[in-house]
Amino acid sequence: MESSLENAHRQLDIVAELLGIDPGIHEILKHAKTTHTVMVPVRMDDGKVRVFTGYRVQYNDARGPYKGGIRYHPDVNLDEVRALAMWMTWKCAIADLPYGGAKGGVVCNPKEMSLAEKERLTRRYTFMISEFIGPHRDVPAPDVYTDSQTMAWIMDTYSVIKGYLVPEVVTGKPISVGGSEGREEATSRGVAFCVRETSRAFNVGLADASVAIQGFGNVGANLAVFLQDMGCRITAVSDSTGGIFREKGLDIGKLLKFKRDTGSVVGFEGSEDLSNEELLELECDFLAPAAMENQITEKNARRIKARVVVEGANGPTTTEADKILQEQGILVVPDILANSGGVVASYLEWVQNINRQHWSLEEVNRHLEDKMVKSFDRVHALSKEKGVSMREAALMLGVGRVVEAIKTLGLFP
Ligand code: NAD
């Protein structure tokens with residue numbers, strides 16, 4: 001199967017051809033500008049020292065400081081982080097944010113670590129990358145298995161090194177230490193806006209629309225809440241332990257409590273068990289992969305029966321699968337557009353921090369909606385104008401803006 005990096009490179013090649021990008025600039029865009037690998041020693045609770053591998057890939061900063069999440073997962077590897085950093089670069093440009101793109105990750109299994117071990121890991125990793133990050137250099141954020149608490153530790157460690165509080169060094173912080181209202185659920189709110197705009201632009205009714213969501217973490221669970229509020233029927237959800245199905249729709253409020261109490265969605269009253277593979281292949285109006293990369297591949301793409309795939313996760317569809325979905329007439333709202341609400345809210349948090357302000361939830365959501373709807377409209381208009389898919393249009397918009405910045409800046413020396 002194609003790796004995420006191969007997927008990202010193939011997308012870049014496709015858009016380079018569509019845009020007629022200069023070969024020299026295409027070459028620049030194929031590579032991350034800087035890659036940091038750090039070996040992070042951590043004293044575990046049993047007194048032994050373990051060394052974890054950590055990465056920070058700074059992909060491109062032609063449009064502004066690097067920006068991107070940090071992931072804690074046993075499968076983290078450098079190529080995956082590179083791919084995610086590349087996608088962040090295009091995503092920030094599509095949303096027209098003054099940011100470049102980056103990504104970080106530590107190879108670890110946070111589910112097997114205590115809170116104190118995670119804190120020591122985070123602080124040491126931050127210490128080791130502290131000279132490469134900063135409010136105007138590189139601004140991390142949460143990703144899979146990192147959260148607002150992780151961001152608070154990063155901010156505190158960085159601030160201790162500087163000798164004064166620097167809330168603007170990371171986004172996705174708890175509200176008590178400079179976090180923004182609405183940041184936690186902003187990615188899902190943005191995905192929900194994309195679902196709403198898709199329903200308008202492509203005439204897919206929202207009332208009673210059936211939705212299957214893969215992943216029930218930050219993105220998946222909040223998305224389920226928003227879409228249920230919009231009148232959709234969430235028929236299936238899954239997490240790393242398995243999936244559940246209920247034709248009439250799951251009660252998401254009760255399911256959230258059940259997941260909090262038991263740690264899993266499986267076994268929820270009134271639902272049938274379902275594998276993650278089965279969930280992807282369900283007949284539904286909207287399928288939202290909101291877990292990991294490479295979930296829709298050439299192996300299962302022909303069995304996908306959703307009308308619309310809206311990508312909450314990064315890179316859930318391989319290039320091969322993307323082609324098959326297109327042939328089958330399935331609309332794909334691509335990750336770099338659909339899940340950009342997270343980085344938009346991160347930007348709003350950064351702006352508030354720099355200006356020492358705290359905005360109301362209404363104000364944050366107003367800006368978020370405005371940005372999401374604008375991006376959606378631009379991508380949709382471009383896709384119609386050029387006769388390309390929504391993904392190709394999103395890439396044309398994002399990569400095109402980065403190319404423009406590189407050309408305008410020129411090469412120095
Ligand atoms: P999370 O850690 O909060 O949740 C991940 C969820 O996926 C969990 O429910 C986990 O059980 C589930 N999962 C893991 N492996 C799975 C598998 N094989 N099958 C089914 N479910 C599985 O992470 P998140 O922040 O919700 O991120 C999910 C995706 O969204 C990632 O691709 C991430 O890069 C992307 N994303 C997140 C944000 C954000 O702001 N958090 C922003 C943009 C994109």
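Here are some numbered notes to help you find your way around this predicted model.

1. A good place to begin is strand E6, which covers residues 210-214. How many of its residues are buried? The count is 5 of 5, so the strand is mostly covered, buried here meaning under 20% relative accessible area. In a regular strand, side chains alternate between the two faces of the sheet. In E6, Ser-210, Ala-212 and Gln-214 are on one side, while Val-211 and Ile-213 are on the other. Both of these faces are covered.

2. Now look at the strands that pair with E6. Strand E7, residues 233-239, runs parallel to E6, and 5 bridges link the two. If you want one pair of residues to look for, Gln-214 has Ser-238 of E7 as its bridge partner. E6 also pairs in parallel with strand E10, residues 286-289, through 4 bridges. There, Ala-212 stands opposite Leu-287.

3. Follow the chain through helix H7 as well, which spans residues 218-229. Together with E6 and E7, helix H7 makes a β-α-β unit. Which hand does this unit have? The β-α-β unit is right-handed.

4. The ligand is the next stop. Its surroundings comprise 23 residues, and those that come nearest are Asp-143, Thr-187, Asn-218, Val-219 and Asn-314. Sorted by class, the shell holds 11 polar, 8 nonpolar and 4 charged residues. Two elements from the earlier points return here: H7 and E7 each contribute at least two residues to the shell.

5. Several polar atoms of the protein can be picked out beside the ligand. In the side chain of Asn-276, an N or O atom is 3.0 Å from a ligand nitrogen. Backbone atoms take part too: an N or O atom of the Tyr-145 backbone lies 3.1 Å from a ligand oxygen, and a polar backbone atom of Ala-291 is 3.1 Å from an oxygen atom of the ligand. How much of the ligand's accessible area does the protein cover? On its own the ligand has 830 Å² of accessible area, and the protein covers 88% of that.

6. Arg-233 deserves a look of its own. This residue belongs to strand E7. Is Arg-233 buried or exposed? Arg-233 counts as buried because its relative accessibility is 19%, and the cut-off for buried is under 20%. A polar atom of the Arg-233 side chain lies 2.6 Å from the backbone oxygen of Glu-247.

7. Elsewhere, strands E1 and E2 are worth tracing together. E1 covers residues 34-43 and E2 covers residues 49-60; they pair in the antiparallel sense over 10 bridges. Val-40 stands opposite Phe-52 of E2. The hairpin has 5 residues between its strands, and Gly-47 in this hairpin takes a positive phi near 90 degrees. E2 is also joined by 6 bridges to strand E4, residues 101-107, again in an antiparallel arrangement. In that pairing, Tyr-55 stands opposite Gly-105 of E4.

8. Two residues other than glycine have a positive phi, and you may like to check them. For Asp-208, phi is near 70 degrees. Asp-208 sits in the loop that links helix H6 (186-202) to E6, and its relative accessibility of 49% makes it partly exposed. For Arg-356, phi is about 50 degrees. This residue is in the loop between helix H12 (341-354) and helix H13 (361-386). Arg-356 is exposed because its relative accessible area is 53%, and the cut-off for exposed is over 50%.

9. One peptide bond also calls for attention. Where is Pro-413? Look in the segment that follows helix H14 (390-409). The bond between Phe-412 and Pro-413 is cis, with omega about 0 degrees.

10. Finally, turn to Glu-320 in helix H10, residues 319-327. With a relative accessibility of 27%, Glu-320 counts as partly exposed. Glu-320 and Thr-297 are 23 residues apart in sequence, and their C-alpha atoms are 6.8 Å apart in space.

Technical notes:
Residues numbered from 1 in each chain as written. Predicted model: local features only at pLDDT ≥ 70, side-chain atom pairs only at ≥ 80, totals over all residues. Heavy atoms only, no water. Buried < 20%, exposed > 50% of the residue type's maximum accessible area, 1.4 Å probe, protein only. Pairing = 2+ DSSP bridges. Right-handed = clockwise from strand over helix to strand, strands pointing away. Near = heavy atom within 4 Å. Polar contact = N/O pair within 3.5 Å; in protein donor to acceptor, adjacent residues only side chain to side chain. Areas by Shrake-Rupley, 256 points an atom, 1.4 Å probe, with all protein chains shown as cover. Nonpolar A, V, L, I, M, F, W, Y, C, P; charged D, E, K, R; others polar.
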